[in-house]
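Good morning, and thank you for joining. Please have the sequence and the model open while I speak.

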Amino acid sequence: MRTSSQKNLTIQQYLKFCCHPLIRITSGRMRTINRVFIISSIFIHVAAFSNNFLEEQRNYIKCRTVLSASVNSNEPSYSISETTRPVIKNWESWWHEMLHTANINKERNRKKLLTIYGTKKDYIVGTIIRCAARSYRGDASTPSSVAYTTRKDNMPQISVSTSGVIGDYNHYRTVALSSTHDRAVSILTDDVHKILNNMIQPGDLGENILVSGVAYDFFKVGSRYSIRNDSGGRSFNQEVILEITEAIVPCMNLCKLSSINNMDIVPEARVSRCQSFLEKLAMDDGIRGWYAKVIGSGTIYLGDKIELALA
């Protein structure tokens, strides 16, 4: 793509080569109608050239905006509490460095967590203990709003399809990722609350389903899991199948939770609390939760069982 200076130079050259013959021609005794025709033709060409240039500029800006939003799947939040923003001067640099350090230390962190909390690897079936969704609420669904929260509302059941949880809205997924199907459902295991020392409540991390009876590392990217009702009230055709697509990466928006961004403490303490919270979430894949796409649509109820699907 040409730069703006190159575009301007091209326009100047165009005018030079087109207008000089016009000046020579109009200095003679050409009839008025011919002069008007030539001048009109030149302006039409220049206008068309300018429109093409402006269209290219618009496309460039649009492309740059989209790339800025989606170039990194480990997306940082682009807004945090206004009360903490002045304290974190280079919060995005800190965020990336924190994730990099956590990634290097994941194996060590995994062993540490195993030592402290034990293992549930012998458990092969989990239980759905909470379903949740949060509908679109205008400005309050935008991270820049003071009313924004990652918390999702408790539901007796949720219906899922390839497009996601019916009645649920995620701003980043919708706007920046064009409602990707790879993030249709978010999953969290309840052992995470213990790892986080109960700093949060169920639903605070925005999970659509909360699972008990299995560890956070029960789920694996690329594996499929079936969700069924033990009561036998649901036929096989209604069995929900989810495929794990990625581990969720903690973002700064989580620091807007009232339990983290406690207004009763000074901003510096809130920032420290936020950083500690995000560092714990980044210790290992799955602590923040998992994204899944829907392979088999249906309704998920409280008490449903979830297990690795047979191939």
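Which residue in strand 9 is the bridge partner of isoleucine 187? The partner is tryptophan 290. Before I continue, please keep in mind that this is a predicted model.

I shall begin with strand 9 itself. Strand 9 spans residues 290-296, and five of its seven residues are buried, so the rest of the structure largely encloses this strand. Its pairing can be described through two other strands. Strand 5, residues 185-189, runs antiparallel to strand 9 and is joined to it by three bridges. Strand 8, residues 240-247, also pairs with strand 9 in the antiparallel sense, in this case over six bridges. Tryptophan 290 appears in both pairings: it is the partner of isoleucine 187, and it is likewise the bridge partner of alanine 247.

Let me turn to the charged side chains. How many salt bridges does the structure hold? The count is 11, and I shall discuss three of them, starting with one inside a helix.

Glutamate 107 and arginine 110 form a salt bridge through their side chains, with an N to O distance of 2.8 Å. Both residues belong to helix 4, residues 106-117, where they sit three residues apart, or about one turn of the helix. As for accessibility, glutamate 107 is partly exposed at a relative accessible area of 45%, and arginine 110 is partly exposed as well, at 29%.

The second pair is arginine 137 with aspartate 153, whose side chains meet in a salt bridge at 2.4 Å, N to O. This pair links distant parts of the chain, 16 residues apart: arginine 137 is in the loop between strand 1 (125-133) and strand 2 (153-155), while aspartate 153 is in strand 2. Arginine 137 counts as partly exposed, with 36% relative accessibility. Aspartate 153 is also partly exposed, its relative accessible area being 27%.

The third pair brings us back to strand 8. Glutamate 246 and arginine 183 meet through their side chains in a salt bridge of 3.1 Å, N to O. Why does this pair tie together parts that are 63 residues apart in sequence? Because glutamate 246 lies in strand 8, whereas arginine 183 lies in the loop between helix 5 (171-175) and strand 5. Is arginine 183 buried or exposed? Arginine 183 is buried, since its relative accessible area is 8% and the cut-off for buried is under 20%. Beyond single pairs, salt bridges that share partners join Glu107, Arg110 and Asp284 into one network.

My last topic is backbone geometry, in the loop that also holds arginine 183. Most residues other than glycine have a negative phi. Serine 178, however, has a positive phi, near 50 degrees, and serine 179 has a positive phi too, near 55 degrees. Serine 178 is found in the loop between helix 5 and strand 5, and serine 179 is found there as well. Their accessibility can be stated separately: serine 178 counts as exposed at 64%, and serine 179 is partly exposed, with a relative accessible area of 32%.

To close, I would draw your attention once more to strand 9, with five of its seven residues buried and with antiparallel pairing to strand 5 and to strand 8. Thank you; I welcome your comments.

Notes. Residues are numbered from 1 along each chain as its sequence is written. This is a predicted model: local features need pLDDT of at least 70, side-chain atom pairs count only at pLDDT 80 or more; totals for chains, interfaces and linings use all residues. Side-chain values use heavy atoms; hydrogens and water are left out. Buried means under 20% relative accessible area, exposed over 50%, partly exposed in between (1.4 Å probe, protein chains only). Helices (H or I, at least four residues) and strands (E, at least two) are DSSP runs, numbered from the N terminus. Two strands pair if DSSP finds at least two bridges between them. A salt bridge is a side-chain nitrogen of Lys or Arg within 4 Å of a carboxyl oxygen of Asp or Glu.
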